[in-house]
Amino acid sequence: MKKHLLSFAALILVSVGAMAQACVIDSTNTDLLSPPSETLPCIERNVPYSTVLQLFTPPSIGGVGVDSIVITSFNDMPSGITSACNPSNCTMVGFGRACITISGTTSDTVGAYLIDYDGIAYTEQGAAPFDYLRANFPGVIPDYTLFITEAGAFCANTGANSIHSNNQELQSAFSVYPNPSAGILRFSLNHVSAMGGDITIADMAGRIVYAQKNTAGLFEQTTIDISRYAKGMYVLQYRTAQGIAAKKISVE
């Protein structure tokens, strides 16, 4: 019954019967789930939200054939946020594709919301409920988290106020190490062209825990200390006149 994982694909965010405009299935998608949870835009409080997930189901997993995967329920969404699957029965056969629309407006408290979803993977060895797969194949059915921020606030997933890293050259122009760390890390510029930027670090709820203005016009290296904050994931953003780049850092 190992087949686990595909189920995951269907997995994400879909609630049968939710009323929302049908999303468009990407016929070229070959990722089990796209995009991953950690890259979704944050939900801003009291601001209309909408995003689409793409799913793909291979015909077999670990040598065990997959007949189909179906999502049976979707729980613990922030109030006012709903999900709707295309196809509406949220069932995918091998090599099948689906998409899910997550949309709505919420006034729920800022923070991370772990979504609980249930479903069944029908394999050559029988029906495998998601709870069975979670218990016997850790990591196969991934956690999925939605983040709520204040309107216009920093979004850890996207690197800034709902803005993704928008400069690939800048992304490779600096390093942050060690990563993971105990909270004391070194920021180092790899290219002179990237000098003249500002550093901010935010936790996964969007709260800024560190900021350094580059008033001197440049710094090739600087030590950052966020050891007094809780262990977990953070996002370091480097902003210059050329654009924005962000990297996730882990405090252990």
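A salt bridge is a side-chain nitrogen of Lys or Arg within 4 Å of a carboxyl oxygen of Asp or Glu. The exercises below use a predicted model, in which local features need pLDDT of at least 70 and side-chain atom pairs count only at pLDDT 80 or more, while totals for chains, interfaces and linings use all residues. Residues are numbered from 1 along each chain as its sequence is written, and side-chain values use heavy atoms, with hydrogens and water left out.

**Exercise 1. The salt bridge**

Task: State which residue forms a salt bridge with arginine 45, and where the two partners lie.

Solution:
- Step 1. A search of the whole structure gives one salt bridge.
- Step 2. Arginine 45 pairs with glutamate 150, and their closest N and O atoms are 3.3 Å apart.
- Step 3. The partners are 105 residues apart in the chain: arginine 45 is in the loop between β2 and β3 (49-56), and glutamate 150 is in the loop between β12 and α3 (168-171). Helices (H or I, at least four residues) and strands (E, at least two) are DSSP runs, numbered from the N terminus.
- Step 4. Glutamate 150 has a relative accessible area of 41% and is therefore partly exposed. The classes are buried (under 20% relative accessible area), exposed (over 50%) and partly exposed (in between), with a 1.4 Å probe and protein chains only.

**Exercise 2. The open sheet**

Task: Give the strand order of the three-stranded open sheet and explain why β2 and β9 are edge strands.

Solution:
- Step 1. The order is β2-β12-β9, with mixed pairing.
- Step 2. β2 (43-44) and β9 (111-114) each have a single partner strand, so one side of each has no neighbour in the sheet.
- Step 3. β2 pairs with β12 (residues 145-149) in the parallel sense over two bridges. Two strands pair if DSSP finds at least two bridges between them.
- Step 4. Glutamate 44 has threonine 149 in β12 as its bridge partner.

**Exercise 3. The nonpolar cores**

Task: Find which element gives the largest share of the largest nonpolar core.

Solution:
- Step 1. A nonpolar core is a set of buried Ala, Val, Leu, Ile, Met, Phe, Trp, Tyr and Cys residues joined through side-chain atoms within 4.5 Å.
- Step 2. The largest core has 28 residues, and those touching the most other members are Leu53, Met77, Ile102, Phe130, Tyr144 and Leu146.
- Step 3. Among the elements giving two or more residues to this core are β3, β5 (64-75) and α2 (130-136).
- Step 4. β5 gives the largest share, four residues.
- Step 5. A second, separate core has 20 residues, including Ala173 and Ile249.

**Exercise 4. Serine 188**

Task: Decide whether serine 188 is buried or exposed, and describe its surroundings.

Solution:
- Step 1. Serine 188 belongs to strand β14 (residues 184-189).
- Step 2. Serine 188 is buried because its relative accessibility is 9%.
- Step 3. Beyond neighbours within four places in sequence, serine 188 is in contact (heavy atoms within 4.5 Å) with residues including Ala173, Phe174 and Gln221.

**Exercise 5. Backbone exceptions**

Task: Name the residues joined by a cis peptide bond with omega near 10 degrees, and a residue with phi near 65 degrees.

Solution:
- Step 1. Most residues other than glycine have a negative phi, and most peptide bonds are trans.
- Step 2. The bond from asparagine 86 to proline 87 is cis, with omega near 10 degrees. Proline 87 lies in the loop between β6 and β7 (91-93).
- Step 3. Asparagine 46, which is not glycine, has a positive phi near 65 degrees. Asparagine 46 is in the loop between β2 and β3.
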